[in-house]
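Morning, everyone. I have one model to walk through today. Please pull it up alongside the sequence.

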Amino acid sequence: MSYTFPVTRTTHPKPRPADETKLGFCNYFTDHMFVMDWDEGQGWHDGRIVPHEPLLIEPASCVLHYAQMMFEGMKAYRTPTGEIMLFRPDMNIKRMARTAERMCIPELPGDLFLDAVKAVVAEDSDWVPTAPGTAMYIRPFIFGDEVSFSVLPAKHYRFLIILSPCGSYYAANDGGLTTTRIYVQDKYIRAARGGTGYAKVGGNYGGGMRASKDAMQYNCKDVLWLDAAEHKYVEEIGTSNAFFRINDEVITAPLDSGTILPGITRDSVIQLLKHFGVKVSERKLAIDDVKKASEDGTLQEIFASGTAAVISPIGWLCCEGKDYQVADGKVGPIAQKLYDTLYGMQTGTVEDFMGWTYPLGLKK
Ligand code: COI
């Protein structure tokens with residue numbers, strides 16, 4: 001089934017960002033957004049594209065009190081020929097379904113979701129940036145806005161998609177790769193078994209802000225979370241999944257605990273490493289083994305992966321007040337190769353040998 005949506009164009013188009021090399025992450029939003037409603041008995045209805053503007057929301061809306069919401073993150077990329085491409089949108093659709101089930105949010109049909117993304121990106125296609133390291137971040141989200149203080153699933157929801165031309169989350173000033181310092185969080189936890197760790201929900205991030213703020217006091221950009229039960233095994237980084245290269249094996253936390261976000265970039269990294277012939281394992285890795293590897297010289301690389309973070313190399317871990325350097329503290333070869341391949345595929349400068357890109361047919 002294919003969907004079309006009415007468009008109300010803005011009468012006040014915004015000025016474009018003056019310098020595409022200094023976009024940062026989600027500092028600018030485009031002229032339009034997608035909005036759709038869900039009501040009991042009616043399902044999803046009235047999808048529409050409207051000017052990007054503040055929402056009217058009743059203060060007693062349940063999302064403002066009990067956080068029944070979910071979101072996704074994806075990007076639209078500009079190729080050298082002017083085409084615009086998405087990256088593995090089928091994976092966003094699958095993850096949305098799992099998150100919706102966990103949050104008791106009505107499922108959004110995948111073809112409706114994709115048509116909505118395509119329609120709003122088409123409307124603001126001239127906002128997709130071209131500078132190296134940039135893309136247009138797409139943030140679909142759904143929230144319950146029934147006026148109710150019952151701790152029960154809402155009877156009315158809104159689905160929105162907003163767009164932002166951006167650089168990567170931890171970008172260097174030139175849009176290229178740089179290493180960051182990450183704080184190993186040993187006091188707070190992100191997600192426990194049976195919780196919402198695998199789902200893309202605001203609460204996972206809101207609950208992590210105390211830890212990220214504390215990390216900044218140690219001059220760290222973010223936190224590396226440890227498992228909730230024992231504070232022993234590495235899990236993920238504040239905004240992204242984490243990979244460790246030790247003795248030529250690349251290790252990332254397995255998904256079976258249900259505490260790890262199943263990142264689309266994470267999955268792509270695993271598949272690319274296999275394709276490159278690099279040994280890659282989804283297995284538990286103790287933070288003590290990472291520290292030991294830093295000390296005995298076998299820790300070759302650590303990097304974060306995510307839609308927002310892309311591939312972000314880590315040069316130092318700060319753990320209980322002590323610094324553990326990752327190799328020479330510089331960008332490692334595997335992280336660089338993954339970044340070049342992934343971002344190259346996404347922007348059409350490297351052949352898409354995995355069949356992951358999704359051209360929108362929107363040439364300028
Ligand atoms: C993304 O990578 O799309 C995310 O949602 C991470 C976000 C918390 C910055």
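I will take the cores, then two helix pairs, then a few single residues. Keep in mind that this is a predicted model.

Start with the cores. The largest nonpolar core holds 37 residues. Its best-connected members are F34, W44, V121, I138, I142, F159 and I161. Which elements feed it with two or more residues each? On the strand side, β1 (32–39), β2 (43–51), β4 (74–78), β5 (84–87), β6 (135–144) and β7 (156–166). On the helix side, α2 and α3. And which element gives the most? That is α3, with seven residues.

Look at F34 for a moment. Setting aside residues up to four places away in sequence, F34 touches F5, G47, R48, I49, A116, V120, F159, L160 and I161. Two of those names, F159 and I161, also appear among the core residues with the most contacts.

There is a second core, separate from that one. This second core has 24 residues, including I182, A242, L285 and L317.

Now the first helix pair. Helix α2 covers residues 89–103, and helix α3 covers residues 110–123. Their axes come within 10 Å and cross at roughly 130 degrees. Oblique is the word for α2 and α3, therefore. The crossing of α2 past α3 is right-handed. Who makes the contact? From α2, P89, N92, I93 and M96; from α3, G110, F113 and L114. By class, that is five nonpolar and two polar residues, with no charged ones.

Stay with α2. M91 sits in this helix. Is M91 buried or exposed? Buried: its relative accessible area is 18%, and the cut-off for buried is under 20%. Outside its four-place sequence neighbourhood, M91 contacts I264 and D267. There is also a long-range pairing in sequence terms. M91 and P262 are 171 residues apart along the chain, yet their C-alpha atoms are 9.6 Å apart in space.

That brings us to the second helix pair. Helix α6 spans residues 264–276, and helix α8 spans residues 333–346. Their axes come within 11 Å, crossing at roughly 110 degrees. So α6 is roughly perpendicular to α8. Here too the crossing is right-handed. On the α6 side the contact uses T265, S268, V269, L272, L273 and F276. On the α8 side it uses I334, K337, L338, T341, L342 and M345. The class count is eight nonpolar, three polar and one charged.

Pick out T341 from that contact. T341 is buried, at 10% relative accessible area. Beyond its neighbours within four places in sequence, T341 contacts L272 and F276, plus V350 and F353. L272 and F276 belong to the α6 side of the contact.

Last item: backbone angles. Which residues other than glycine have a positive phi? One is C104, at about 55 degrees. C104 is in the loop between α2 and α3, and at 46% relative accessibility it counts as partly exposed. Another is E320, with phi near 50 degrees. E320 lies in the loop between β15 (310–319) and β16 (322–325). With 59% relative accessibility, E320 counts as exposed.

To recap the helix pairs: α2 and α3 are oblique, while α6 and α8 are roughly perpendicular. Questions, please.

Terms used:
Residues numbered from 1 in each chain as written. Predicted model: local features only at pLDDT ≥ 70, side-chain atom pairs only at ≥ 80, totals over all residues. Heavy atoms only, no water. Axes fitted to C-alpha atoms, helices over the stretch in contact; angles between N-to-C directions. Helix = DSSP H or I, 4+ residues; strand = E, 2+ residues; numbered from the N terminus. Parallel < 35°, antiparallel > 145°, perpendicular 65-115°, else oblique. Left-handed = near helix turned anticlockwise from the far one by under 90°. Contact = heavy atoms within 4.5 Å. Nonpolar A, V, L, I, M, F, W, Y, C, P; charged D, E, K, R; others polar. Core = buried A, V, L, I, M, F, W, Y, C linked by side-chain atoms within 4.5 Å. Buried < 20%, exposed > 50% of the residue type's maximum accessible area, 1.4 Å probe, protein only.
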